Amino acid sequence: MIHTKSDLLNKTIDIREMFSEDNDLIFNAVQVSDFDKNSQTGKIRWDRYSNKPRMAFNNIALSYEKTPIWEFPPEYEENPCYPFSISFVSDRTIRLKFNLGNRIVNEEQSMMLLKEPAKYNWDVEEGNDKITYSSKYGKVVLEYNPFRIFIYDDKDNIITQTRTFGDSYCLKNNEPIPFSIVRRSSDFKKMMAASFGLAHDEKIYGCGESFTRLNKRGQYIPLCTIDANGAQTKDMYKPIPFYMSSKGYGMFVNTSTPMSFDFGSLYDDTLTTYVSDNTVDMFIFIGNPKEVVSEYTALTGRSEVPPLWSFGLWMSRITYKAEDEVRQVADRLRENKIPCDVIHIDTGWFEKDWRCDYEFSKNRFDDPRKMIEDLKESGFHISLWQLPYFTPYNKLYTEAIEKGYVVLSEDNELPTEDAIIDFSNEDAVKWYQNLLRKLLEMGVGAIKADFGEAAPIFGRYASGKSGHYEHNLYPLRYNKAVSEVTKEVNNESIIWARSAWSGSQRYPLHWGGDAENTDSAMAASLRAGLSLGLCGFTFWSHDIGGFVRKSPEELYTRWMPFGMLTSHSRCHGEPPKEPWEYSNEFVKIFRESVELKYQLMPYIYTEAVKSAMNGYPVMRTLFFEFPEDKTAWLIEDEYFFGENLLVAPIFEPDCDNREVYLPVGDWVQYGTNNRFKGGRWINAKKDSLPILIFVKDGSIIPKVAVSQCTKDIDWANIQLDMYTTVDAKDNQKQELNIYSDKDCVKVIVNGETVDYVSDNNKEYNFNIIKY
């Protein structure tokens, strides 16, 4: 068990701090022995060092000094040799596994992995004091003495390599952390610092839903789930132990223990992963961003496609409290001709606000089943808030404790005031799912899986593990429980979750938490969504307009079209959020923003299906589509919405235009039809909505007439908007697949004619419009 220095409950654990204690032993990786090329296993000798204070010109720094063994009885190794392995999962994926001791490790199936991956063979070549494994996409060179690992791409360029003791060309007082193990004097816990080199121009992305700068180079990022309480902090609701590099590789660390990534913050040319597990299991993927994400999600899983209705507008506030209020909101949306598919009821549907007992208030909801049925008839689905913590006055509190369904402390008591459901307990999961089942069987469309970041670090769980292993795993177990019962009852893969860990992308979807009502929080929300998308999360949303207080109208106006051009779109936060509570001009902008998404629904749903197949995000960075464009790696305030639409939100008040970077190629501005050459910055003016959208040359964007809900979309009549430059030939033949929730249509456009093949032989009418 690792204890944090913080006196506050459920704060981030900083693993790096534990590598600078002067009373702990450090073991540096020195030499490989007994390596067998067939089993791909061997041992590493770890030489014993201590952190010794060194004074130089009146400045004291800690430096590594080799130290003799000082243990009794004299039966322990001075320089221990621990097992490790190099194996391969595919022709792009390398697995490195290090045991931090000679004890037998109980190999359990990791929840983060879909299954234990089978081994894949790479070509092998033995040399003097080294061995080389190679595939068509790269190679791995293991040097025995001194221990070093080099990873190459298919062009024989080194893309990363281990940093071992003595590798650096720096002053002794300023050496980076080498590939090493620390043994803590306080509890004999061993942890690893896995250090790799960073190129001078290397850029790093990922780590989950991070609100900080998109490029993580120079940042230090602890990975420990926490209630971030906003979008302006380094804390994360959804930390993910995965990152990718502009040098053509990515890395996933298969553990749920608290860990940290240092991307050159301590020493610029060294990337150190601090891991507090007994076994360090690392996967390295070779390729461009799409290839890396595809390899990662092949291991950890890909998102199912949520139901079509979930891609429509979700109307919410904190909170609707009565049946009459919910019905009135539905009526006003239809009266104002604002398309909408979901009304979310947040914390106010219980008898007492926030006291989650899974029952509608009998005083304020006359007949919830009838309300849900009536609203569904009008095209509305109901989403309900809940959380997995029971406060002491909740009627479920005692039952959960007496049945043993909650997390306990090391002393067999409650670790907090609340009873926290233990999702590692199968009986607790079934009990919890039955609470949700009765709501889903009543007709509820989606459950909001709020919170989940506060599983007690010092808790004792039914899995037999402590919170050291279960804290970060809790969101994944939670997401899985809610998703599985929803799928069982409704046959739809849909939740609305805040917390996540690696593997949670299998249970869509997640939203960005409690964003502030500021321009900066709007921009940070975009960065967070892009960052999470690079970690295999196909679907994502956020609170349009911000959460914390009433959305300023001017900010809400600019945030609205951005919010509608993400995979899922919810207006939520402190009231009022409803457009008619603002000016008439705002109602117009609000309606037009929502209509834009409903018109684009064939494009959006098609991109959702295609993205989910590959593990790609619907909302993606510019470099995801243009990895060879060096400037694209620097852009964090624009994004691709699917493969063909480039979106540039407006983050400054009262602006009609903004600077936009367009990657190489030709582009047509959506709405204005202005044409631009890419590979450069332009200054462009918005159209009717406060956002700029550009279409990649040669794209066909399928659209439909606006409907008030997705169930009323006329899929038989589809408009094909063809965007071509003036030089494009009229007789170009193009093919595309268009997905609806019921059908896939293969469309072949040849000049002015359209041929198609439908899965169910349905008749379609296509109208071509050229731009």
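A search of the whole structure finds 59 aromatic pairs. Rings of Phe, Tyr and Trp (its six-membered ring) count as a pair if their centres lie within 6.5 Å; planes under 30 degrees apart are called stacked, those over 60 edge-to-face, and the rest tilted. One of these pairs is formed by Phe252 and Tyr296, an edge-to-face contact with 5.3 Å from centre to centre and 65° between the planes. Phe252 belongs to strand E16 (residues 249-253) and Tyr296 to helix H1 (residues 289-300), so this pair ties together parts that are 44 residues apart in sequence. Helices (H or I, at least four residues) and strands (E, at least two) are DSSP runs, numbered from the N terminus.

Before going on, a word on what you are looking at: this is a predicted model, in which local features need pLDDT of at least 70 and side-chain atom pairs count only at pLDDT 80 or more, while totals for chains, interfaces and linings use all residues. Residues are numbered from 1 along each chain as its sequence is written, and side-chain values use heavy atoms, with hydrogens and water left out.

## More about the rings

Are Phe252 and Tyr296 buried or exposed? Both of them are buried. Here buried means under 20% relative accessible area, exposed means over 50%, and partly exposed is in between (1.4 Å probe, protein chains only). Tyr296 also pairs with Phe285, again edge-to-face, at 6.3 Å centre to centre and with 70° between the planes. That pair links distant parts of the chain, with Phe285 in strand E19 (residues 279-286) and Tyr296 in helix H1, 11 residues apart. Phe285 is buried, as is Tyr296.

Elsewhere, ring pairs join up into a cluster made of Tyr358, Phe390, Tyr405, Phe423, Trp431, Tyr432, Tyr474 and Tyr478.

Rings can also have a charge over them, which is counted if NZ of Lys or CZ of Arg is within 6 Å of the ring centre and within 35 degrees of the ring normal. The charged end of Arg16 sits over the ring of Tyr220, 3.7 Å from its centre. Likewise, Lys577 lies over the face of Tyr556, and the distance to the ring centre is 4.6 Å.

## Two helices that cross

Next, look at helix H5 (residues 426-441) and helix H7 (residues 474-490), whose axes come within 9 Å and cross at roughly 45°. Axes are lines fitted to C-alpha atoms, for helices over the stretch in contact, and angles run from 0 to 180 degrees between N-to-C directions. H5 and H7 are therefore oblique to each other; angles under 35 degrees count as roughly parallel, over 145 as roughly antiparallel, 65 to 115 as roughly perpendicular, and the rest as oblique. The crossing of H5 past H7 is right-handed, a term for a near helix turned clockwise from the far one by less than a right angle, with anticlockwise giving left-handed.

## Buried residues and cysteines

Ala455 has its place in the loop between strand E26 (446-449) and strand E27 (459-460). With 0% relative accessibility, Ala455 counts as buried. How far apart are the C-alpha atoms of Ala455 and Ile226? They are separated by 9.3 Å, although the two residues are 229 residues apart along the chain.

Phe562 is in helix H9 (residues 553-564), and its relative accessibility of 0% makes it buried. Phe562 and Asn278 are 284 residues apart in sequence and 44 Å apart in space, C-alpha to C-alpha.

Turning to the cysteines, a disulfide is a pair of cysteine sulfur atoms within 2.5 Å, and by this rule the count comes to zero. Cys655 is partly exposed at 23% relative accessibility, whereas Cys744 is buried at 13%.

## Backbone details in loops

A few residues in loops have backbone features that you can look up one by one.

| Residue or bond | Backbone feature | Place |
|---|---|---|
| Asn145 to Pro146 | cis, omega about 0° | Pro146: loop between strand E8 (138-143) and strand E9 (148-153) |
| Pro508 to Leu509 | cis, omega near 5° | Leu509: loop between strand E28 (496-497) and strand E29 (510-511) |
| Phe57 | positive phi of about 50° | loop between strand E2 (41-56) and strand E3 (59-66) |
| Asp156 | positive phi near 70° | loop between E9 and strand E10 (158-161) |

Phe57 has its positive phi although it is not a glycine, and Asp156 is likewise a residue other than glycine. Phe57 is exposed, with a relative accessible area of 83%, while Asp156 counts as partly exposed at 48% relative accessibility.
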